[in-house]
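Let's take a friendly walk through this model together. Have a look at the fold before reading on.

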Amino acid sequence: MKKSVYYILAVLCLAVCIISACFMELYPVLTVVMIVSVPASLLFLILGLRAGKKDGDIPFVGY
C-alpha cells in the first residue's frame, strides 16, 4: 500500500474511535469497537511513518 493510504486508514480508525466514544453511553457494545480501533490506528500510523519516501511502500527485510 502507498504511504498516503496508511495515513488515511489511521485517520479513519481514529474517527471510528471518536464516534464510538461519543455513543458509548447509548450502545455499550461500542466499547469493543473502540478497543479495536485504537491499536489499529496506531499500527497504520507507524506503518505510514515507516514507509519509504520514494515509492511509498514498506521495504522488504528478507528472510
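A crossing of two helices is called left-handed if the near helix is turned anticlockwise from the far one by less than a right angle, and right-handed if clockwise. Keep that in mind while you look at this predicted model, because helix H1 passes helix H2 in a left-handed crossing.

**The overall picture**

The chain contains two helices and zero strands. Helix H1 covers residues 3-22 and helix H2 covers residues 30-50. Of the 63 residues in the chain, 19% count as buried. Now think about contacts between residues with a separation of 6 or more: 58% of these contacts in the chain come from residues 24 or more positions apart.

**How the helices meet**

How do the axes of H1 and H2 cross? They come within 8 Å of each other and cross at roughly 160°. Angles over 145 degrees count as roughly antiparallel, so H1 and H2 are roughly antiparallel to each other.

Which residues make the contact? From H1 there are Lys3, Tyr6, Tyr7, Leu9, Ala10, Cys13, Leu14, Val16, Cys17, Ser20 and Ala21. From H2 there are Leu30, Val33, Met34, Ser37, Val38, Ala40, Ser41, Phe44, Leu45, Leu47, Gly48 and Leu49. Sorted by character, the residues of this contact divide into 18 nonpolar, four polar and one charged.

**Four residues up close**

Let's zoom in on a few members of the two helices. In the table, the listed contacts leave aside residues up to four places away in sequence.

| Residue | Helix | Relative accessibility | Contacts |
|---|---|---|---|
| Leucine 9 | H1 | 26%, partly exposed | Met1 and Phe44 |
| Valine 16 | H1 | 40%, partly exposed | Val33 and Ser37 |
| Serine 20 | H1 | 3%, buried | Leu30, Val33 and Met34 |
| Serine 37 | H2 | 5%, buried | Cys13, Val16 and Cys17 |

Is serine 20 buried or exposed? Serine 20 is buried, because its relative accessibility is 3% and the buried class takes in values under 20%. The same cut-off applies to serine 37, which counts as buried at 5%. Valine 16, at 40%, counts as partly exposed, and so does leucine 9, at 26%.

Distances between C-alpha atoms add to this picture. Valine 16 and serine 37 are 21 residues apart along the chain, yet their C-alpha atoms are separated by 6.9 Å. Valine 16 and serine 41 are 25 residues apart along the chain, with 9.7 Å between their C-alpha atoms. For leucine 9 and alanine 40, a gap of 31 residues in sequence goes with a C-alpha to C-alpha distance of 8.7 Å.

**What about the cysteines?**

You may have spotted Cys13 and Cys17 among the residues of H1 that make the contact with H2. How many disulfides does a search of the whole structure find? The search finds zero. Cysteine 13 is in no disulfide, and the nearest cysteine sulfur, that of cysteine 17, is 9.2 Å away.

Why is cysteine 17 not bonded to cysteine 13? A disulfide needs a pair of cysteine sulfur atoms within 2.5 Å. The sulfur of cysteine 17 is 9.2 Å from the closest cysteine sulfur, in cysteine 13, so the two are too far apart for a bond.

Are these cysteines buried or exposed? Cysteine 13 counts as buried, because its relative accessibility is 16%. Cysteine 17 is buried too, with a relative accessible area of 13%. Both of them are in contact with serine 37 of the other helix.

**Putting it together**

In this predicted model, two helices run roughly antiparallel to each other and pass in a left-handed crossing. Their contact includes 18 nonpolar residues, and the search for disulfides comes back with zero.

Terms used. Residues numbered from 1 in each chain as written. Predicted model: local features only at pLDDT ≥ 70, side-chain atom pairs only at ≥ 80, totals over all residues. Heavy atoms only, no water. Buried < 20%, exposed > 50% of the residue type's maximum accessible area, 1.4 Å probe, protein only. Axes fitted to C-alpha atoms, helices over the stretch in contact; angles between N-to-C directions. Helix = DSSP H or I, 4+ residues; strand = E, 2+ residues; numbered from the N terminus. Parallel < 35°, antiparallel > 145°, perpendicular 65-115°, else oblique. Contact = heavy atoms within 4.5 Å. Nonpolar A, V, L, I, M, F, W, Y, C, P; charged D, E, K, R; others polar.
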